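Trainee: I am new to this structure and would love a close look at one part of it. Could you walk me through it at an easy pace?

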Amino acid sequence: MVGAIIIGDQTDAMEDKHSPSRFCSYQAPWASMELLGKSPIARLAEDLKKDCDVVSLISNDRDSQHGNATHQGSIADLAADRFEDYKREGLGTVLIVQCGSYVELDVAEMLNFHEVRGVGVTRAFSDHAPLDIWMVDPSGLPDHVPTLSTLLRATPAMYHSQGYVNHLRTAREFRRLVLDSFHSRCRLRPQGPEIKPGIWSCDGAQIERSARVVAPAFIGRDVYISAECLITRGSNVESNSRVDFGTAVEDSTILPNSYVGIGLDLSHSIVDGRNLLNLRHNVNLEITDPVVMRQNTVGGVHRQSWASIEAGSLALSSAE
Amino acid sequence: MLTSGPVVVMQVPEVLNVKEVRNFMDELGPLLESNRPRIVLDCSQVRSMESAGVEMLLRCLEEVLKRDGDLKLASLSPEAEVILELMRVARVFETFHTCEDAVRSFNAIPAEAVPQNTPWYSDVFSELGVVKQAS
């Protein structure tokens, strides 16, 4: 049996972490942000459910609506506890993924490699750079492993992953993942039906007749695109956002629950509520004028960075 | 005969919200009412600008143009640049990298002041000894 532990944040779980730059609005890692309808971490959890018997997601997302947040303590402690649980339950192999990157991993191939090599720990690499993905045999380890980070410092076998990798360390990499998906350079597909070639639109999305959407583009769930708007050049408007009259959105991402005002020219940017990150000028601005940008409360939906993770066989823990 | 005063350079405050716009206009207002006002706004300190700030810039430009003057922006901070682009007004203003460049631009000889009766190449040709007086 194979179990998986997804560590949803890198705050303190591992010692050899690299800190990804985070968007200032709520300091969440890029992997947990909604991207083309679903966060990369939610996609990873779903993917792993196909190959693993049990999947646990450990996060410190305070907004999580789904979690049975009974655990207290740090993410590292929670991850270590879950690992001990798996060990007690007699799982043969545990896949540990510290989710900061978007990785298209062939779990079956890695498992095969791990079994053939017969060492206790295998780590995934891409282009000779280590990824935060390990495969561990709990049975081959001493009874008491002090912390997960100690375990993962062990010298591992190196498994070279051939799949697509995006480290999602920066806003540019986040945007690159959007464009790579639009251009089919990775397996990540936008949610919802493709209403025209290269244009995806989710349930509840409303696009006014006089608005123009140019492919490739993504319009998320319950999004409202007002009259005379232009959405173009690889832009994605995520769920429950609103783009108001006459605004042009070019090569940009509008994150969930954002309102973008009337007659604006938004280009090469990422918007999250009233935060604007312009990638061309490398400027992060807080827009204090609610007429221009603000958190969209029209739908009354609270921000849920893990929103698209479905319950079921997925155990979800949240550090408070 | 048209006359004009010196070029005035003013520093735009770091935050341009409704309150700051009012304070700034108290200083800038009298200048706008002068004859042919020539104003450079130094935007190097701007970190945040609300729609009231953008509106103020547009009103100022309108006023100076009415009085046959001009208003130019200089040393735009990246933040100011992003906001002006976002609000679709960046192209309305003449912008300069430095205040010195903006001031100099007021003193540049306008194209219509250059005598137009000789073709541009005549100087070059005369230096080469090619052009001969026809008569």
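Trainee: How many helices and strands does chain B have, please?

Mentor: Happy to help! Please keep in mind that this is a predicted model. Chain B has five helices and six strands. Read from the N terminus, its elements follow the order β-β-α-β-β-α-β-α-β-α-α. Chain B holds 135 residues, and 30% of these count as buried. Now consider its contacts between residues at least 6 apart in sequence: 82% of them join residues at least 24 apart.

Let us move in on one pair of helices. Two packed helices are described by the angle between their axes and the distance between the axes. In chain B, helix H1 spans residues 18–32 and helix H2 spans residues 51–66. Their axes come within 10 Å and cross at roughly 10°. Angles under 35 degrees count as roughly parallel, so H1(B) and H2(B) are roughly parallel to each other.

Which residues make this contact? On the side of H1(B), they are B:Val18, B:Val21, B:Met25, B:Leu28 and B:Leu32. From H2(B) come B:Ala52, B:Gly53, B:Met56, B:Cys60, B:Glu63 and B:Val64. Sorted by character, the residues of this contact between H1(B) and H2(B) are nine nonpolar, one polar and one charged. B:Gly53 is the polar one and B:Glu63 the charged one. As you look at the picture, try tracing the two helices side by side and finding these residues along them.

Definitions and conventions:
Residues are numbered from 1 along each chain as its sequence is written. Chains are lettered from A and ligands numbered from 1 in the order in which they are written. This is a predicted model: local features need pLDDT of at least 70, side-chain atom pairs count only at pLDDT 80 or more; totals for chains, interfaces and linings use all residues. Helices (H or I, at least four residues) and strands (E, at least two) are DSSP runs, numbered from the N terminus. A residue is buried if 20 or more other C-beta atoms lie within 10 Å of its own, exposed if 12 or fewer, and partly exposed in between; C-beta atoms are placed from the backbone. Two residues are in contact if their C-beta atoms, placed from the backbone, lie within 7 Å. Axes are lines fitted to C-alpha atoms, for helices over the stretch in contact, and angles run from 0 to 180 degrees between N-to-C directions. Angles under 35 degrees count as roughly parallel, over 145 as roughly antiparallel, 65 to 115 as roughly perpendicular and the rest as oblique.
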